[in-house]
Amino acid sequence: MDTTRNKQLGEFLKTRRARINPEMVGLPSGGRRRTAGLRREEVAQLAGISVDWYTWLEQGRNIHVSTQVLEDVARVLQLSASEKRHMFLLAEQAIPIESIENKFQISSSLQYFLDYQNPSPAYVTNSRWDFVAWNQAACKVFGDYNKMSELERNSVWRIFTSSYMMNLLDQWEEHAQRRLAQFRYSHGKYTNDPWWNEMIDKLSKESEKFREWWPQYEIMGVPEGNKVLHHPQVGELILDHISFQVSESPDLLVTVHLAKTKETFEKLQKLLN
């Protein structure tokens, strides 16, 4: 780790240690203490590591910290999922699976926002590229997510296995390669999660194109521009899009598709009638 990250990690751990009273972790209070919170030796004992090692960690020493040590320290300091994620990022370690928050749930306010976008198709995807929320317009354009299985609601699975999506998307290969590159990038952040290997195996068995492109190791790809769709009911739709993360749930990505032409807007309205 670099010096700045070492220092920030040490400062972060000090603040979290200071807020944990001995009684919170099953230790006697031992009377008055000069400073609030646990002592370093108590954290080390409860985490099953040496006092020197934990001291070096708080001092910002240039040491390599294993995932297991961080897990044990997080447990003792009773870190929230967000705090645990922050600690792992400072330590430059892979984010634990259980720290990936809010994969499948969104707030009522966010759902209201999606519904308010009608007739513009809008949806939310999580870090696995699952569709986790959508509005009516999205269902009318991209398929009824309410009737899909959990697997079918994965956007990577859908773009590589759905004949509807292959016919809908103009220049399907370009869109599929871009989504695959995004999927590859996300995979790199959650290498400890067995879900990814299972999904990659399923896609490899199901899609010849996925088998061909996955070993190429493309990452992210070029930014997505206009999207031309060939809708079976209303014909050509020309859409732009805007995507942004949800501040309180950074693993969620909101995407809103915007009509580029008056004709497209009118067709979107027609689909909702």
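V124 sits in a web of contacts that reaches well beyond its sequence neighbours: leaving aside residues within four places, V124 touches I106, L110, L114, D130, F131, V132, A133, L252, L253 and V254. The model is predicted. V124 belongs to strand β1, which covers residues 122-125. Its relative accessibility is 0%, so V124 counts as buried. One of its contacts is L114; V124 and L114 are ten residues apart in sequence, and their C-alpha atoms are 8.5 Å apart.

**Salt bridges**

The count of salt bridges comes to 13. Three of them are listed below.

| Pair | Closest N to O distance |
|---|---|
| R19 and E83 | 2.7 Å |
| R85 and D251 | 3.3 Å |
| K205 and D201 | 3.2 Å |

The side chains of R19 and E83 meet in a salt bridge. This pair links distant parts of the chain, 64 residues apart: R19 is in the loop between α1 (3-18) and α2 (40-47), while E83 is in helix α5 (residues 81-90). R19 has a relative accessible area of 37%, and therefore ranks as partly exposed. E83 has a relative accessible area of 13% and is buried, because the cut-off for that class is under 20%.

A second salt bridge joins R85 to D251. R85 lies in helix α5 and D251 in strand β5 (residues 249-259), so this pair ties together parts that are 166 residues apart in sequence. Both R85 and D251 are buried.

The salt bridge between K205 and D201 is a local one within a helix: both residues lie in α11 (residues 194-206), four residues apart, about one turn of the helix. K205 is exposed because its relative accessibility is 65%, and the cut-off for that class is over 50%. D201, with a relative accessible area of 38%, is partly exposed. Elsewhere, salt bridges that share partners join R16, R19 and E83 into one network.

**Helix α2**

Which residues of α2 are buried? They are E42, V43, A44 and A47. The elements that cover these buried residues include α1, α3 (51-59) and α4 (67-76). Just after α2 comes G48, which takes a positive phi of about 75°.

**Helix α10, a pocket and a surface patch**

The second largest pocket has a volume of about 160 Å³. Eleven residues line this pocket, and Q177, L180, A181, Q216 and E218 lie nearest its centre. Which element gives the largest share of the lining of the second largest pocket? That element is α10, with five residues.

Helix α10 spans residues 172-189 and also holds Y185. Together with Y217 and I219, Y185 makes a nonpolar surface patch of about 320 Å². Y185 has a relative accessible area of 41%, so Y185 is partly exposed. That value also satisfies the patch criterion, because patch residues need over 30% relative accessible area.

Technical notes. Residues numbered from 1 in each chain as written. Predicted model: local features only at pLDDT ≥ 70, side-chain atom pairs only at ≥ 80, totals over all residues. Heavy atoms only, no water. Patch = residues over 30% accessible without salt bridge, like charges linked within 9 Å, V, L, I, M, F, W, Y side chains within 5 Å. Areas by Shrake-Rupley, 256 points an atom, 1.4 Å probe, with all protein chains shown as cover. Salt bridge = Lys/Arg side-chain N within 4 Å of Asp/Glu carboxyl O. Helix = DSSP H or I, 4+ residues; strand = E, 2+ residues; numbered from the N terminus. Buried < 20%, exposed > 50% of the residue type's maximum accessible area, 1.4 Å probe, protein only. Contact = heavy atoms within 4.5 Å. 1 Å grid on protein atoms, 1.4 Å probe; cavity = no way out; pocket = protein on both sides within 12 Å on 5 of 7 lines; lining within 4 Å. Points joined across faces, edges and corners; volume = space filled by probe spheres on them.
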